[in-house]
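Trainee: I have only just opened this one, so please take me through it slowly.

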Amino acid sequence: MGVDGRLVTFAGEPVHSRSAEIGVVIPAVDEEEHLPGLLGDLSGLGLESVVVVVDGGSGDGTVAAARAGGALVVRSRQGRGTQLNAGAALLATPWLLFLHADSRVGDEALRAIEEHVRSDRREAAYFGLLISHPDFYYRLIEGGQRVRERLSGLVYGDQGLLIRRDHFFAAGPYPDEPIMEDVTLVRRLRGEGELVKLPASISTSARRYEEEGKVRGWLRNVGLMGRFLAGGKPRELAARYPARRPGGGRRRGTSGRATLLVFAKAPRPGEVKTRLARSLTPKGTPDYDQAAAIYRRMGRMIIEAVADAPATVMVCYDPPGGESEVRDWLGPAAAGYWSQGEGDLGARMSRMFARAFEQAGRAVVIGTDTPAVGAETVARALAALDAADVVLGPSRDGGYYLMALREDRPELFAGIEWSTDCVLAETVARAGVSGLRVTFLEVESDIDTAADLAVRPEVAGRGRDRRPES
């Protein structure tokens, strides 16, 4: 893990974030209209900061607006809690600030953030609520929220959340729920006595109320909150909370043919997952047979999981003479088998990408040791190429589990220090030198040690095998 930087997976300093004190996470879907204002506000923050916009699949110019405002871009599965967690996982700043894309942060709020961070307080903090609309009706809603805060401690995501990173992951993260993810986390913090109100407010758009009708929107909110506090399940309540009608542009589909390159080594004991083998028996002889069996299981799981991906699956095998072993292992699910050829990993990846671009306009490479990768992951990476030149799936060890390209880019592979925690950092730096736009996917873990198996017991053969989640 690249712990020297302020991005978890970056050991270097590709975004000048080494000294960053705070990371700002903004979930977004079709927020081209609102993002420039918020990003402009944040540029006035008197702290070294990194801003991450986590896009849930926008069809407008959200990603372009994020980059124009100096933000990093992550492409995650849609869902506010999921997007917030994805942004937080990418960052290693001491403090995190979560904001909605339609919020505005004035000078008073910026100074309150600076004071809270510099005082190094343990408590998480939130802002007062303002609704950016002149109608007196919204002053009544603001007043009602202040009463609810005093009586019940209820705080909404519209009011932001400023929290130490270690505190966030200890108390949270956000639950993977379609609604009430913000209320759930804040109630947990409030119950621990570790939540304070900052002496400033941030404003939020009135668009929900204006779209649905002022009174109807208020009644809906009150009803949902009452049912939630009475024990209602967020997934059941979500049916009563219609999706906002976005103001963004036309949804774009991924154009052209794509090739999915699955890198695989012949599953020979002692030649695959040797680090895993050593960790399985830390005080004895490495268990190379069990490590190879786990690797074989992962490979079959991943080939099954990507079968429905919108790309032609090609297995790229190593060593050059291992085709029959790999075919016997992974079977006929792939459209073909290509030898990676000679050279280091960079030379082999570059060679396979070049070959892929001979038959398709977009290409993705994955390995066989990240069980979280599936067809949806590949589809999301290809879709992200609509607004990026390079898509990278960061691994927690400082590398990447996925790369997607829209054209051959050999400069991204030559001279990289492979199998180090600098791989992702060096790749991002190379992309920057070439003027390439980079989008990240969620941070995921490779299976490299016995400890990694704890979150994927089916990989080790414990419990029922199931299709990996994306």
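**A walk through the model**

Mentor: Glycine 87 is buried, with a relative accessible area of 0%, where buried means under 20%, exposed over 50% and partly exposed in between (1.4 Å probe, protein chains only). Keep in mind that this is a predicted model, in which local features need pLDDT of at least 70, side-chain atom pairs count only at pLDDT 80 or more, and totals for chains, interfaces and linings use all residues. Residues are numbered from 1 along each chain as its sequence is written, and side-chain values use heavy atoms, with hydrogens and water left out.

Trainee: Okay, and where is glycine 87 found?

Mentor: Glycine 87 sits in helix 3; helices (H or I, at least four residues) and strands (E, at least two) are DSSP runs, numbered from the N terminus.

Trainee: Which residues is glycine 87 in contact with, leaving aside neighbours within four places in sequence?

Mentor: Those are Val25, Val52 and Val54, with contact meaning heavy atoms within 4.5 Å. As for arginine 75, its C-alpha is 9.4 Å from that of glycine 87 in space, while the two residues are 12 apart in sequence.

Trainee: Let's go wider. In the largest nonpolar core, which residues touch the most other members?

Mentor: They are Phe98, Leu261, Phe353 and Met403, out of the 56 residues in that core. A nonpolar core is a set of buried Ala, Val, Leu, Ile, Met, Phe, Trp, Tyr and Cys residues joined through side-chain atoms within 4.5 Å.

Trainee: Which helix gives the largest share of this core?

Mentor: That is helix 3, residues 80-90, which supplies 5 residues to the largest core. Another core lies apart from the largest one, and its 46 residues include Met301, Leu385, Val391 and Leu402.

Trainee: Back to leucine 261: what does it touch, not counting residues up to four places away in sequence?

Mentor: Leucine 261 touches Met314, Cys316, Trp338, Met352, Phe353, Ala356, Val364, Val365 and Ile366, and Phe353 also appears beside Leu261 among the core members that touch the most others.

Trainee: New topic, then. Which residues in helix 13 are buried?

Mentor: In helix 13, which runs over residues 323-330, Val326, Trp329 and Leu330 are buried. These three lie on the same side of helix 13, because they cover an arc of only 80° around the axis, the arc being that of the directions from the helix axis to the C-beta atoms.

Trainee: And what do the buried residues of helix 13 pack against?

Mentor: Their partners are strand 9 (258-265), helix 12 (288-305), strand 10 (312-318) and strand 11 (336-339). Just after helix 13 comes glycine 331, and this glycine takes a positive phi of about 75°.

Trainee: What about the other end: which residues does a cis peptide bond join?

Mentor: The cis peptide bond links aspartate 318 to proline 319, with omega at about 5°. Proline 319 has its place in the loop between strand 10 and helix 13.

Trainee: You mentioned a positive phi on a glycine. What is phi of aspartate 30?

Mentor: Phi of aspartate 30 is near 55°, a positive value in a residue other than glycine. Aspartate 30 belongs to the loop between strand 1 (22-28) and helix 1 (35-42), and at 5% relative accessibility aspartate 30 counts as buried.

Trainee: And lysine 273, where does that lie?

Mentor: Lysine 273 is in the loop between strand 9 and helix 11 (274-280). Although it is not a glycine, lysine 273 has a positive phi of about 50°, and with a relative accessible area of 14% lysine 273 is buried.

Trainee: One last residue: is isoleucine 302 buried or exposed?

Mentor: Isoleucine 302 counts as buried, at 0% relative accessibility, and it lies in helix 12, an element that the buried residues of helix 13 pack against.

Trainee: What does isoleucine 302 touch, not counting residues up to four places away in sequence?

Mentor: Isoleucine 302 touches Ile366, Gly367, Thr368, Asp369, Thr370 and Pro371. With threonine 368 the C-alpha to C-alpha distance is 6.5 Å in space, although isoleucine 302 and threonine 368 are 66 residues apart in sequence. Ile366 is a residue you have met before, as one of those that leucine 261 touches.
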